Amino acid sequence: MREVMTKAMARNIFYGGSLFFILIFVGLTAHSHYYVVAKSTAGVPLTDSVARGKRVWEANACINCHTIHGEGAYFAPEVGNVMTRWGVVDSPEDAFQALKGWLEAQPSGTPGRRQMPRFHLSDEDIRGLSDFLIWADKTNTQTWPPKDSG
């Protein structure tokens, strides 16, 4: 082996290494896409109501206080599994009623507790939000959050 690297050797190493890592990146991207489509959300289709709930979640900046699957602020509780905690994950109507009751009771006025503002959402927005939270709850998160309490 030579002690000095020629320009041709350096170029071949650069192009070969670049091609190798581009192929790895493309392969990992394809695997991630496959996992999201076929595994993590396969049993929970995205409906118009779930999409509406996601828009409500974003428009009201819920992530500024709540976390969902560990992402967001830690001021308020994790909501990625809130429907399981409330026991309504398998009943969209009960989930809607529970969420509507909770939202309409805010702020609770309990001294010494963090208060959630009242958002004055329509029933259609609350239904979409409850469907979105059910969808998030049924997503395969590989046991996240680690505790049922969020």
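**Exercise 1. A residue in a loop**

Is Ile63 buried, partly exposed or exposed? Determine its class, its place and its surroundings in this predicted model.

*Solution.*
Step 1. The place of Ile63 is in the loop between α2 and β1.
Step 2. Buried means under 20% relative accessible area and exposed means over 50%, with partly exposed in between. The relative accessibility of Ile63 is 35%, so this residue counts as partly exposed.
Step 3. Leaving aside residues up to four places away in sequence, Ile63 touches Trp57, Glu71, Gly72 and Ala73.
Step 4. Ala10 lies 53 residues from Ile63 along the chain, and the two C-alpha atoms are separated by 48 Å.

**Exercise 2. The fold as a whole**

State which elements make up the protein and in what order they run, and set its radius of gyration against the value for a compact globule.

*Solution.*
Step 1. The protein contains five helices and two strands. Read from the N terminus, their order is α-α-β-β-α-α-α.
Step 2. For a compact globule of 150 residues, a radius of gyration near 15 Å would apply, but the protein has 23 Å.
Step 3. Along the principal axes, the C-alpha atoms fill a box of roughly 75 × 35 × 30 Å.
Step 4. Of the 150 residues, 28% count as buried.
Step 5. Among contacts with a separation of 6 or more, 60% come from residues 24 or more positions apart.

**Exercise 3. Surface and charge**

Describe the accessible surface of the protein and the placement of its charged side chains.

*Solution.*
Step 1. The accessible surface amounts to about 10300 Å². Carbon and sulfur atoms account for 61% of this surface.
Step 2. There are 15 positive and 15 negative side chains.
Step 3. The centres of these two sets lie 10 Å apart.

**Exercise 4. Helix α5**

Check the span of helix α5 against expectation, and establish how far the rest of the structure encloses this helix.

*Solution.*
Step 1. Helix α5 covers residues 123-138, which is 16 residues. At 1.5 Å a residue, the helix should span 22 Å.
Step 2. The end C-alpha atoms of α5 are 22 Å apart, in agreement with the expected span.
Step 3. The buried residues of α5 are Asp125, Ile126, Gly128, Leu129, Ser130, Asp131, Phe132, Leu133, Ile134, Trp135, Ala136 and Asp137.
Step 4. Because 12 of its 16 residues are buried, α5 is largely enclosed by the rest of the structure.
Step 5. The partners of these buried residues are α2 (48-59), β1 (67-68), α3 (82-86) and α4 (92-104).

**Exercise 5. Two buried residues**

Compile the place, accessibility and contacts of Val56 and of Thr67.

*Solution.*
Step 1. Val56 lies in helix α2. Its relative accessibility is 7%, so Val56 counts as buried.
Step 2. Beyond residues up to four places away in sequence, Val56 touches Leu121, Asp125 and Leu129. Asp125 and Leu129 are also among the buried residues of α5.
Step 3. Ala73 is 17 residues from Val56 along the chain, and their C-alpha atoms are separated by 17 Å.
Step 4. Thr67 belongs to strand β1. With a relative accessibility of 3%, Thr67 counts as buried.
Step 5. Again not counting residues up to four places away in sequence, Thr67 touches Gly72, Ala73, Tyr74, Ala76, Pro77, Glu78, Val79 and Gly80.

**Exercise 6. Backbone features around α5**

Which peptide bond is cis, and where do His120 and Gln142 lie?

*Solution.*
Step 1. The bond that joins Gln106 and Pro107 is cis, with omega at about -10°. Pro107 is found in the loop between α4 and α5.
Step 2. The loop between α4 and α5 also holds His120. His120 is not a glycine, yet its phi is positive, at about 55°.
Step 3. The relative accessibility of His120 is 65%, so this residue counts as exposed.
Step 4. Gln142 is placed in the segment after α5. Gln142, likewise not a glycine, has a positive phi of about 55°.
Step 5. Gln142 has a relative accessible area of 53% and is therefore exposed.
Step 6. Thr110 is another residue of the loop between α4 and α5. At 36% relative accessibility, Thr110 is classed as partly exposed.
Step 7. Thr110 and Thr84 are 26 residues apart in sequence, and the distance between their C-alpha atoms is 25 Å.

Key: Residues numbered from 1 in each chain as written. Predicted model: local features only at pLDDT ≥ 70, side-chain atom pairs only at ≥ 80, totals over all residues. Heavy atoms only, no water. Helix = DSSP H or I, 4+ residues; strand = E, 2+ residues; numbered from the N terminus. Rg over C-alpha atoms; globule rule 2.2 N^0.38 Å. Buried < 20%, exposed > 50% of the residue type's maximum accessible area, 1.4 Å probe, protein only. Contact = heavy atoms within 4.5 Å. Areas by Shrake-Rupley, 256 points an atom, 1.4 Å probe, with all protein chains shown as cover. Lys, Arg positive; Asp, Glu negative; His and termini not counted. Charge placed at Lys NZ, Arg CZ, Asp CG, Glu CD. Expected span 1.5 Å × (residues − 1).
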